[in-house]
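User: I should like to learn how to read the features of a protein model. Could we proceed one feature at a time, with the general idea before the particular case?

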Amino acid sequence: MTPDTRPAMEIRSDMHAVAKVRGCPRVVRGIDRFTHMPDRTPAAMVWITDKHMVGRHFLELVALNKITICPGRTR
């Protein structure tokens with residue numbers, strides 16, 4: 001699966017997901033696969049943005065309870 005490379009502001013105007021990674025919220029660009037954390041907590045391998053929400057994408061293991069679905073902004 002290819003990460004969504006649209007600008008972060010455009011993604012956030014639609015329904016989007018935010019993952020808390022190491023205490024920082026990151027826009028989820030895509031989900032690669034569902035899996036488990038080492039302690040068997042349900043998780044997903046997600047494509048996330050860097051801390052400035054632009055540029056490079058990273059594949060990160062995130063617990064499902066740390067991923068939030070957000071409604072889009074109204075303009």
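Analyst: Certainly. Please keep in mind that this is a predicted model. We begin with the core. In soluble globular proteins, nonpolar side chains tend to be buried together. Here the largest nonpolar core has 9 residues: Ala17, Ala19, Val21, Val28, Ala44, Val46, Ile48, Val62 and Ile67. Strands β1 (16-21) and β3 (42-49) each supply at least two residues of this core.

User: With which residues is Ala44 in contact, leaving aside its neighbours within four places in sequence?

Analyst: Ala44 is in contact with Ile31, Arg33, Phe34, Thr35, Glu60, Leu61, Val62, Leu64 and Ile67. Two of these partners, Val62 and Ile67, are listed with Ala44 in the largest nonpolar core.

User: Let us turn to the sheet. What is the order of the strands?

Analyst: Strands of a sheet pair through backbone hydrogen bonds, either parallel or antiparallel. In this model, 5 strands form an open sheet in the order β4-β3-β2-β1-β5, and the pairing is antiparallel. Strands β4 (57-63) and β5 (67-70) are the edge strands, each pairing on one side only. On average, neighbouring strands of this sheet are turned by 45° against each other, direction being ignored.

User: How many bridges join β1 to β2, and how many join β2 to β3?

Analyst: β1 and β2 pair in the antiparallel sense over 4 bridges. Between β2 and β3, which also run antiparallel, there are 7 bridges. On the other side of the order, β1 pairs with β5 over 4 bridges, again in the antiparallel sense.

User: Which residues stand opposite Ala19?

Analyst: Ala19 stands opposite Arg26 in β2 and opposite Ile67 in β5. A further example is Thr35, which stands opposite Ala43 in β3.

User: Is Arg26 buried or exposed?

Analyst: Arg26, found in strand β2, counts as buried because its relative accessibility is 13%, and the cut-off for buried is under 20%. Arg26 also illustrates how the chain brings distant positions together: Arg26 and Ile48 are 22 residues apart in sequence, yet their C-alpha atoms are 6.1 Å apart in space.

User: How should I read the turns between strands? Which residue in the turn between β1 and β2 has a positive phi?

Analyst: One should note the number of residues between the strands and any unusual backbone angle. β1 and β2 form a hairpin with 2 residues between them, and Arg22 in the turn has a positive phi of about 50°. Arg22 has this positive phi although it is not a glycine. The hairpin of β2 and β3 has 5 residues between its strands, and there Arg40 has a positive phi of about 70°. Arg40, likewise, is not a glycine. At 59% relative accessibility, Arg40 counts as exposed.

User: I should now like to consider charged side chains. How many salt bridges does a search of the whole structure find?

Analyst: Side chains of opposite charge can pair when their charged atoms come close. A search of the whole structure finds 2 salt bridges. In one of them, the side chains of Arg22 and Glu60 meet at 3.2 Å, N to O. Arg22 lies in the loop between β1 and β2 (24-36) and Glu60 in strand β4, so this pair ties together parts that are 38 residues apart in sequence. Arg22 is exposed, with a relative accessible area of 65%, whereas Glu60 is buried at 19%.

User: How far apart are the closest N and O atoms of Asp32 and Arg33?

Analyst: They are 2.5 Å apart, and Asp32 and Arg33 form a salt bridge. Asp32 counts as partly exposed at 30% relative accessibility, and Arg33 is partly exposed at 43%.

User: Finally, where is Asn65 placed, and is Asn65 buried or exposed?

Analyst: Asn65 is in the loop between β4 and β5. Asn65 is exposed because its relative accessible area is 63%, and the cut-off for exposed is over 50%. From C-alpha to C-alpha, Asn65 and Lys20 are 9.3 Å apart in space, although 45 residues apart in sequence.

Methods:
Residues numbered from 1 in each chain as written. Predicted model: local features only at pLDDT ≥ 70, side-chain atom pairs only at ≥ 80, totals over all residues. Heavy atoms only, no water. Core = buried A, V, L, I, M, F, W, Y, C linked by side-chain atoms within 4.5 Å. Buried < 20%, exposed > 50% of the residue type's maximum accessible area, 1.4 Å probe, protein only. Contact = heavy atoms within 4.5 Å. Pairing = 2+ DSSP bridges. Axes fitted to C-alpha atoms, helices over the stretch in contact; angles between N-to-C directions. Salt bridge = Lys/Arg side-chain N within 4 Å of Asp/Glu carboxyl O.
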